[in-house]
Amino acid sequence: MKRAIYPGSFDPVTLGHEDIIRRAAGMCDELIIAVGNNKAKNPLFSLDERVSMLKDVVESYDNVSVDTFDGLLVDFAAEKDAKIIVRGLRMISDFEFELQSAQTNSALNPQVETIFLCTNAAYSFLSSSAVRETGIFGGDVRGFVPEVVSDRVARKMREIYESK
Ligand code: ADP
């Protein structure tokens, strides 16, 4: 059984994340999307909102589930008996951080492998922070996120924009 974990903040989930989820789900028996509950990152969307949006995005997948974690990722992987961590790479600048993080995780638990999926060229510019920055200044974010969550994301961004 190949069980993989796709960790991230997903603040909010984007079309780039959805593409990685679809491709990773096709490569393993079971994929767990692990939403980080890292308060230091000061997320715009609450943990519940991020989990709920991801659950809607993956509703049609039999082998994908959504969970949360707030400690070490390798501990969460061990708890779930998962040996693969999936991360996405957009550009060279991602690589520096991702390499360090993969090597740290490997030093902590050599049983766990990190694999990287290269971004789909159509989404290489896309990040949750680009969505947040666009929305905070009143831009239309609907084209950046999966359709099933686009109303929710746009509504929240509009509320923030109008409350400024
Ligand atoms: P984190 O805060 O842990 O980086 P993110 O939610 O920003 O979490 O991203 C989760 C993972 O998805 C990371 O591996 C990131 O590189 C990847 N990712 C984000 N956006 C894209 C994209 N447009 N294409 C491919 N991978 C992406």
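The shell around the ligand in this predicted model is a mix by class, with 6 nonpolar, 6 polar and 4 charged residues. That makes 16 residues around the ligand, and those that come nearest are Tyr6, Ser9, Lys41, Gly88 and Tyr123.

A few polar side chains deserve a closer look. Tyr6, already listed among the nearest residues, places a polar side-chain atom 2.7 Å from an oxygen atom of the ligand. Arg87 also faces a ligand oxygen, with an N or O atom of its side chain 3.1 Å away. For Arg90, the partner is a nitrogen atom of the ligand, and the distance to an N or O atom in the arginine side chain comes to 3.3 Å. As for how well the ligand is covered, it exposes 550 Å² when taken alone, and the protein buries 89% of that area. Turning to secondary structure, strand E1 (3-8), helix H1 (15-25) and strand E4 (84-89) are the elements that give two or more residues to the shell.

What about the space itself? Rolling a probe the size of a water molecule over the atoms shows where empty space is left. Here the ligand takes up the space of the largest pocket, which holds about 1,200 Å³. Its lining runs to 47 residues, and Pro7, Gly8, Ser9, Lys41 and Arg87 lie nearest the centre. Ser9 and Lys41 thus turn up again, having also been listed among the residues that come nearest to the ligand. By class, the pocket lining has 16 nonpolar, 20 polar and 11 charged residues.

The elements behind that lining include E1, H1 and E4, and also helix H4 (92-108), strand E5 (113-118) and helix H5 (128-136), each supplying at least two residues. H4 gives the most, with 8 residues.

The loop between E1 and H1 has some backbone quirks of its own. Most residues other than glycine have a negative phi, and most peptide bonds are trans. Phe10, which has its place in this loop, goes the other way with a positive phi near 50 degrees. Pro12 is found in the loop between E1 and H1 too, and the peptide bond that joins Asp11 to Pro12 is cis, with omega at about 5 degrees. The two elements that flank this loop, E1 and H1, are among those that give two or more residues to the shell around the ligand.

Note on methods: Residues numbered from 1 in each chain as written. Predicted model: local features only at pLDDT ≥ 70, side-chain atom pairs only at ≥ 80, totals over all residues. Heavy atoms only, no water. Near = heavy atom within 4 Å. Polar contact = N/O pair within 3.5 Å; in protein donor to acceptor, adjacent residues only side chain to side chain. Areas by Shrake-Rupley, 256 points an atom, 1.4 Å probe, with all protein chains shown as cover. 1 Å grid on protein atoms, 1.4 Å probe; cavity = no way out; pocket = protein on both sides within 12 Å on 5 of 7 lines; lining within 4 Å. Sits in = over half its atoms within 2 Å of the grid points. Helix = DSSP H or I, 4+ residues; strand = E, 2+ residues; numbered from the N terminus. Nonpolar A, V, L, I, M, F, W, Y, C, P; charged D, E, K, R; others polar. Points joined across faces, edges and corners; volume = space filled by probe spheres on them.
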